[in-house]
Amino acid sequence: MPTDSQISSMADTNSSSSASTRSKRGGAQFPPRPVSAAGQPELKPSAASARPQARSQANPRRSSRSPSKAQGRRSRSSRLTPGAATPATAAAPGRGGGLFAGLLQRQGSDRRSRKGAAKTAGQSRTHLKSVPEPHALSRSAAQASPSALVRPPRQRASRASSRRSLPKLPAPLIYTIWLMVLGMGVAVIAGTLLSWLEPEASDSAIINGQTASRTDSALSTPEPTVQEPKTLPLLQSDTSLKASIEEIAALFPGLVQEVFFIDLDSGQYVDIAGAKPTPAASTIKLPILLAFFEEVDAGRISLNQTLVLQASQIGGGSGNIQDMSPGTEFTALEVASAMIITSDNTATNMIIDLLGGAEALNARFKAQGLTATQIQNPLPDLEGTNTTSPKDLVQTLAVISEGKTLTTAARDRVLNILQRTESKRLIPTGVEVEGAITYNKTGDIALALGDAALIDLPDGKRYALSVLVQRSDNDGRARELIQRVSQQVFQAVNQPLPATPAAAEEPGEAFIESEN
C-alpha cells in the first residue's frame, strides 16, 4: 500500500504533466490559484453554491430553516459543484493524486452528511408531529426550543397497571354464577321441549291461566265468611195434609217419595222422610245459585266479570254451552242464569269452579245446615252420587224468600231467574193456572225425579214444597205422583177464609133510612 509521501509525489507528477499537456493543447495559460495566508489555496465558490446564499438574502424566511436542512443542501451542492475542493484535494495538488484523494474524501463526507441529514430530519419530523397546533407556532420558536413542544407519551403503563390492579372474584362465586346461568338455560330448553311434546297440556295451562286471571276465582280469593246454620220456623205438623199425601203415594207402588212442605206464614209443615239423602240430579243447582249470589253480595264476585269456558268443564245432557268451543267467554250472570233456566250442566261446572270447587261448596253447605247436600262429581251426575234432601231444598228456598243472607237486589235477581225456568211440568202444573207464581228448579235422571218450588198465591200467601221420587229406569209415574202431591198441597193452603156473617139491622133503623 503506498505511503503518504509516495501519494504526494505521484500527485505532483500528475499535476505537472497535466499542466504541460494543457499548455501544449490549448496554448492558454491559466492563472495560478490564490494561496491563503496559511499556505493553502483559496477555494472559489461556484455558482451553484452561491445560489442558496442569494436566495436566503432575497427571502429572509428561508434563512430560518433548521441547520440540518441547510447542511444537507450544502453537502449536496459541494458534491455537484465541480470547482469545490475538499481539504484533501487542496493539500495534494495534481490531477491524478487529487482525484484519488478527493474521491476517498467525498465518499466519507457523503456518508457522514447522509447520516447526519437523516438523523436531523427524523428529529425534525418527530418534533413537528408532536406539536399540537403547528400552524399557530413560528418556525423560530420551533428551532429555539423544539423539546418544549413535544407532547408527553401516553400513559399506557399506568392503564395496564390499573387494569391489573382490579380485584379478582373468588372462585366459588364464579362457579355459583356459572351454575345459575347453566340452570336457567337447561330450564328454558326443557320447557321448550315439553311444549313441543305436549301442546294440548300447554294450551290447557294457558286457558286455565286466563280463567284464573279473568274470573277472580274463589280459589285465589279470601275464604267466604261461614254463616250460621239456618233453621226453618217449624211450628206445627199438618197431620191431615200428611195423611192425604201418603194416600196418594200408595197409588204408585214401586216409587219411593220424600216430601217436605212448610207454610212460611203459619209455620205449619209436613215431613215425609224429608231429611233422607236422595240423588239430587239438577236440584243441587239451587243451593249453588244461593252461594253464588252470596259471594256477589260479599264483593268477591262481579256479575259482569268474564268467565272463560274450559275443556274440562264441558258436560253433556241439558244446556247449550256444551256446544261452545273452549275459550268462549261469558259473563258470570249469564252462566248463573243458564245453570237454572236451561239447567245447563256445563254452566253449573263453571260456577262450581268459580266458587272454589266441590270441596269448598260442601263445607259451605254443611256450615249452613244443609246436612244431606254434597257434590261428589261434576254434572251431569247420571249415577246419582250428588245428594240432597227435600228439607235442604226447602230450607234454601226459605232463606231466599226471607232475604236474610242476600241484599234486596240479589234476592230479586234470584227470584227472577227461578221464575224463568223452562221446566214447569212438575210442581207448577195445575198451580199457575190458578193464578199462583212459581219459582222452581227440577232434577231428572233415570234413578230419580224431583222438584223444589217457592209458590206465591193470589191472596198473598207463600209456601215452599219439595218432592223427590226415587224410581227405576225412568219410570214415568214419578211425574204424575209429584203433580198430584203439588195439587193437594195447593188446595190445602189456598182454602178461602170462612165468610163472616153481617150484623142484622133493626127494622126501625132501616125504615128511617129509607125515609131519608
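# A walk through the fold

Let us start in a loop: proline 380 lies between helix α14 (358–367) and strand β7 (387–388). Helices and strands here are DSSP runs numbered from the N terminus, with at least four residues (H or I) for a helix and at least two (E) for a strand. The structure is a predicted model, in which local features need pLDDT of at least 70 and side-chain atom pairs count only at pLDDT 80 or more, while totals for chains, interfaces and linings use all residues. Residues are numbered from 1 along each chain as its sequence is written, and side-chain values use heavy atoms, with hydrogens and water left out.

What is special about proline 380? The peptide bond that leads to it from leucine 379 is cis, with omega near 5°. Most peptide bonds are trans, and most residues other than glycine have a negative phi. The loop between α14 and β7 also holds glutamate 383. Its C-alpha atom is separated by 8.5 Å from that of alanine 446, although the two residues are 63 residues apart along the chain. Glutamate 383 is exposed, with a relative accessible area of 58%; exposed means over 50%, buried means under 20%, and partly exposed is in between, using a 1.4 Å probe and protein chains only.

Now step back to the whole chain. It has 18 helices and ten strands, and 35% of its 516 residues count as buried. Let us call two residues in contact if they have heavy atoms within 4.5 Å. Of the contacts with a separation of 6 or more, 67% are between residues 24 or more positions apart.

Two residues have a positive phi of about 55° without being glycines: alanine 281 and aspartate 473. Are they buried or exposed? Alanine 281, in the loop between β4 (278–279) and α11 (285–298), is buried, with a relative accessible area of 7%. Aspartate 473, in the loop between β10 (462–470) and α17 (477–493), is exposed, at 70%.

Next, look for the sheet. Six strands form an open sheet with mixed pairing, in the order β1-β3-β2-β10-β9-β8. The edges are β1 (236–237) and β8 (437–444); each has a single partner strand, so one side of each is left without a neighbour in the sheet. Two strands pair if DSSP finds at least two bridges between them. Between the antiparallel strands β2 (residues 256–263) and β3 (residues 268–272) there are four bridges, and valine 259 has isoleucine 272 in β3 as its bridge partner. Helix α10 (residues 239–250) packs on this sheet, touching β1, β2 and β3, and its direction makes about 35° with that of β3. For such angles, axes are lines fitted to C-alpha atoms, for helices over the stretch in contact, and values run from 0 to 180 degrees between N-to-C directions.

Finally, let us go inside. A nonpolar core is a set of buried Ala, Val, Leu, Ile, Met, Phe, Trp, Tyr and Cys residues joined through side-chain atoms within 4.5 Å. The largest one has 53 residues, of which Ile288, Phe292, Phe293 and Ile351 touch the most other members. Helix α11 gives the most to this core, with eight residues. Which residues does isoleucine 288 contact, leaving aside its neighbours within four places in sequence? Among them are Met339, Ile351, Leu361 and Phe365. A second, separate core has 28 residues, including Ile248, Phe252, Ala453 and Leu457.
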